[in-house]
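Reader: I'd like to go through this one with you, asking how each label is earned. Shall we look at it together?

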Amino acid sequence: MVDDGAVPSAGRPLRIAVIGAGPAGIFTADALTRQQDVPVAVDLVDRLPTPFGLVRHGIAPDHPKMRAIRETLHRSLDQPLVRFVGNVEIGTDLSLDELRRHVDAVVYTYGAALDRRLGIEGEDLPGSLAATDVVAWYCGHPDADRERVEAALAAARSVVVIGVGNVALDVARVLARTAEELEPTDMPQHVLDVLAAAPVQEVTVLGRRGPAQATFTTQELRELDELAGGTVLVDPAELELDPGSAERAATDRTVTRNLAVLREWAGHEVPDGHVPVRLRFFRRPLRLLGADRVTGIEVERTAVDGDGRAIGTGEVEVLPADLVVRSVGYRGLPLPGLPVDERTGTVAHDGVGRVLRDGAVSPGEYVAGWIKRGPTGVVGHNKHDARETVAALLADAADGTLAVHGPVDDLVTTLRERGAEPVLLEDWRAIDAAEVALGASRGRARTTMHEREALLAAVRAAAAG
Ligand code: NAP
């Protein structure tokens with residue numbers, strides 16, 4: 001029997017639940033298990049039966065090199081002190097309070113799954129999709145709204161993507177790809193079929209500010225010009241810089257490089273049969289038009305002021321569109337029992353990852369990744385972020401703020417007693433093998449299985465035999 005408030009030991013390590021098995025969660029588990037100072041045991045909980053979060057359901061499937069980071073993340077899952085516990089939703093299968101009775105500390109790393117809203121008329125018309133929905137769909141996320149996305153794509157001749165971040169480029173690129181280019185990817189078969197049949201004739205990517213304020217990065221921008229059946233068009237007049245933007249272009253290397261790439265493209269002409277992919281700037285969306293589905297988008301021309309803010313000029317124009325994809329960022333959602341700041345979509349913390357409730361540090365609760373710092377940065381940024389949070393947690397363990405509180409019930413045992421079906425590492429391996437086999441049957445390295453039931457069936461089949 002361990003006394004309340006004891007120092008963690010090999011016999012009774014600090015038990016930590018990390019909620020969200022995406023990159024932030026896996027880097028957190030990795031940082032916790034690599035150190036030698038405090039004995040730990042980590043349960044890495046995810047609501048999906050599969051690990052990797054946005055590496056599986058966010059990075060575009062035509063980016064196989066980026067998706068290869070799975071191999072690195074997998075090595076952390078293989079650590080004996082880490083237990084993957086998939087297919088468990090905190091707040092549904094187990095309340096946060098109940099979870100906390102099973103562990104000494106919780107680290108929230110469940111990301112930012114919701115789309116940010118534009119707050120304009122027509123936003124919810126059929127034919128208007130959030131980029132988060134399109135990305136979830138083409139990556140085979142079990143919760144993707146297939147019906148809505150596929151209905152919109154069936155009529156999508158003129159596509160407008162709102163926003164000039166990397167997600168907007170991903171969506172524009174995937175929609176402009178030929179069927180042959182997408183064929184080798186791990187997209188589910190129905191996604192390949194729907195994309196091959198989509199009548200896309202033009203794609204326009206819209207920035208509300210200028211090219212010097214765009215948030216895409218150069219490598220991702222450059223790729224837009226490597227389409228087999230698409231050509232990027234840029235209006236040279238929109239590349240002329242006001243003094244503030246010129247200064248930004250001179251001091252920020254990404255902006256300098258982006259502008260150099262955009263200037264290379266300003267003279268492009270569209271070969272016969274190619275889909276034009278227009279990058280247009282200085283246009284702010286006012287409303288989506290259409291009675292029962294989107295037919296166009298009304299935009300206002302803008303200029304940027306000395307601080308880089310978009311200022312409306314009063315000049316309004318209409319761009320025809322059968323599909324509008326709103327790619328204006330992600331936001332985090334609250335967990336039942338864990339408040340999220342409405343404005344930022346993040347969990348309040350002390351600057352290094354200790355959760356604040358009502359302004360005070362809440363003992364035993366930590367946060368890392370997008371739900372801590374907001375939806376910015378590439379996968380690698382989560383490593384530093386996770387290390388910062390783990391350093392705070394370990395400092396708390398070192399000074400006794402965080403201690404072990406008696407023996408606790410095993411999380412997986414409790415979940416099973418309740419009729420939940422936790423998916424552990426060996427179960428995930430069965431899913432992994434089933435996806436590889438499915439891909440092989442179609443001459444591909446892998447095909448993503450998109451139905452939760454199919455994923456669980458692969459687990460049950462392996463367990464049976
Ligand atoms: P993001 O980079 O923040 O881009 C959001 C875009 O939406 C910006 O252009 C923003 O313009 C625009 N926007 C916001 N509110 C708007 C409004 N009301 N009207 C019109 N436009 C509006 O976000 P993201 O593209 O979702 O990407 C999220 C993170 O994931 C980023 O850090 C990104 O680099 C990363 N990511 C990386 C890759 C990769 O490395 N290949 C791929 C995908 C995503 P303003 O700047 O004017 O607000």
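Reader: Which helix gives the largest share of the shell around the ligand?

Author: Happy to start there, with the reminder that this is a predicted model. Helix α8, residues 166-176, gives the largest share, three residues.

Reader: And which residues come nearest to the ligand?

Author: Asn-166, Arg-208, Arg-209, Thr-215 and Gly-377 do, out of 24 residues around the ligand. By kind, the shell divides into eleven nonpolar, eight polar and five charged residues.

Reader: What makes the pair between Asn-166 and the ligand a polar contact?

Author: The test is a pair of N or O atoms within 3.5 Å. An N or O atom in the Asn-166 side chain is 2.9 Å from an oxygen atom of the ligand, so the pair meets that cut-off. Arg-209 has a polar side-chain atom 2.8 Å from a ligand oxygen. For the side chain of Thr-215, the distance from an N or O atom to an oxygen of the ligand is 2.8 Å. As for cover, the protein buries 83% of the 920 Å² that the ligand exposes when taken alone.

Reader: Why is the ligand said to lie between domain 1 and domain 2?

Author: Because both domain 1 (14-113 + 331-423) and domain 2 (117-328) give residues to its shell, the ligand lies between them.

Reader: How many residues does each domain bring to the contact between them?

Author: The centres of domain 1 and domain 2, taken over C-alpha atoms, are 33 Å apart. Their contact takes 15 residues from domain 1 and 19 residues from domain 2.

Reader: What is the area buried between domain 1 and domain 2?

Author: It is about 1,300 Å², with carbon and sulfur atoms giving 52%. On the domain 1 side, His-57, Pro-61 and Asp-62 lose the most area to domain 2, together 44% of what that side buries.

Terms used:
Residues numbered from 1 in each chain as written. Predicted model: local features only at pLDDT ≥ 70, side-chain atom pairs only at ≥ 80, totals over all residues. Heavy atoms only, no water. Near = heavy atom within 4 Å. Polar contact = N/O pair within 3.5 Å; in protein donor to acceptor, adjacent residues only side chain to side chain. Areas by Shrake-Rupley, 256 points an atom, 1.4 Å probe, with all protein chains shown as cover. Helix = DSSP H or I, 4+ residues; strand = E, 2+ residues; numbered from the N terminus. Nonpolar A, V, L, I, M, F, W, Y, C, P; charged D, E, K, R; others polar. Domains from an automatic or database assignment. Contact = heavy atoms within 4.5 Å. Buried area = accessible area lost by both parts, 1.4 Å probe.
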